[in-house]
Amino acid sequence: MTIRVATAADTHYADLLCQWYIESAKQRGTGIAKRDPEYVREKMRQGNAVIAFVEGELAGFCYIETFEGGKFLANSGLVVNTELRKHGLGRAIKREVFRLSRTKYPAAKIFGITTSLAVMKINSDLGYEPVTFSELTTSEDFWKGCKSCKNFGILMENERKMCLCTGMLFDKLDAPLPENEMPEEMRLPVVP
């Protein structure tokens with residue numbers, strides 16, 4: 001398994017990853033925001049994404065979004081190949097994108113919203129805490145990403161104060177980075 005910072009050389013995977021997002025939402029029967037392949041490619045070009053491979057094949061992905069001038073950021077779009085789930089790959093990807101986030105944006109509060117119990121557990125293990133949506137970014141750019149979710153109506157009916165997702169926040173800016181569980185030779189260095 002190799003998990004590393006995505007680069008412009010990985011942009012050809014964007015269409016497949018966006019198809020995985022759609023398939024994942026259908027399989028789980030939960031809301032998930034659709035992603036545009038060009039948006040995913042831009043995250044790769046910026047070095048704001050983590051990509052995973054197992055035996056040379058694409059295995060998973062997650063990216064960073066920043067809001068309010070870098071005051072908040074989200075680790076979004078965690079997706080794992082369906083055939084490789086339940087083996088800890090999602091946890092490893094999330095840990096690496098969290099490390100990348102903390103390294104590149106050390107003053108940002110990291111947040112997420114999810115309906116996935118597995119993601120809630122991973123976030124909790126990283127130090128996130130459940131919060132009300134009022135603790136999260138007020139950025140319209142973040143919330144417009146929810147428009148493609150099947151639960152968007154619920155969010156809007158509740159004036160963006162609650163939905164079926166749980167909000168989680170990491171704001172312990174002085175906490176040490178989590179230990180990297182991958183051997184050094186499997187990682188690209190993170191350059192702030």
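**Exercise 1. Determine how strands E5 and E7 are joined, and place them in the sheet.**

*Solution.* Strands E5 and E7 run antiparallel and are joined by 5 bridges; two strands pair if DSSP finds at least two bridges between them. Strands here are DSSP runs (E, at least two residues), as are helices (H or I, at least four), and both are numbered from the N terminus. The model is predicted: local features need pLDDT of at least 70 and side-chain atom pairs pLDDT 80 or more, while totals for chains, interfaces and linings use all residues. Residues are numbered from 1 along each chain as its sequence is written, and side-chain values use heavy atoms, without hydrogens and water.

Next, take one bridge: Gly 112 has Met 168 in E7 as its partner. Finally, consider the whole sheet, which is open, with 7 strands in the order E1-E2-E3-E4-E5-E7-E6 and mixed pairing. Strands E1 (2-5) and E6 (129-131) each have a single partner strand, so one side of each is left without a neighbour in the sheet.

**Exercise 2. Identify which residues of helix H4 are buried, and explain why they line one face.**

*Solution.* Buried means under 20% relative accessible area, exposed over 50%, and partly exposed in between (1.4 Å probe, protein chains only). In H4 (residues 117-126), the buried residues are Val 119, Met 120, Ile 122, Asn 123 and Leu 126. Seen down the helix axis, they fall within an arc of 165°, so they line one face of H4; the arc is that of the directions from the helix axis to the C-beta atoms. A general rule helps here: an α-helix has 3.6 residues a turn, so residues three or four places apart point the same way. The face of H4 turned away from the buried side carries exposed Leu 117 and Ala 118.

The buried residues of H4 pack against strand E4 (72-80), helix H3 (89-104), strand E5 (109-114) and strand E7 (166-170), where contact means heavy atoms within 4.5 Å. Just after H4, Gly 127 takes a positive phi of about 110°.

**Exercise 3. Classify the ring pair of Phe 98 and Phe 170.**

*Solution.* Rings of Phe, Tyr and Trp (its six-membered ring) pair if their centres lie within 6.5 Å; planes under 30 degrees apart count as stacked, over 60 as edge-to-face and the rest as tilted. The centres of Phe 67 and Phe 111 are 6.0 Å apart and their planes stand at 50°, so that pair is tilted. For Phe 98 and Phe 170, the centres are 5.0 Å apart and the planes stand at 90°, so the pair is edge-to-face. Phe 98 lies in helix H3 and Phe 170 in strand E7, 72 residues apart. Both Phe 98 and Phe 170 are buried.
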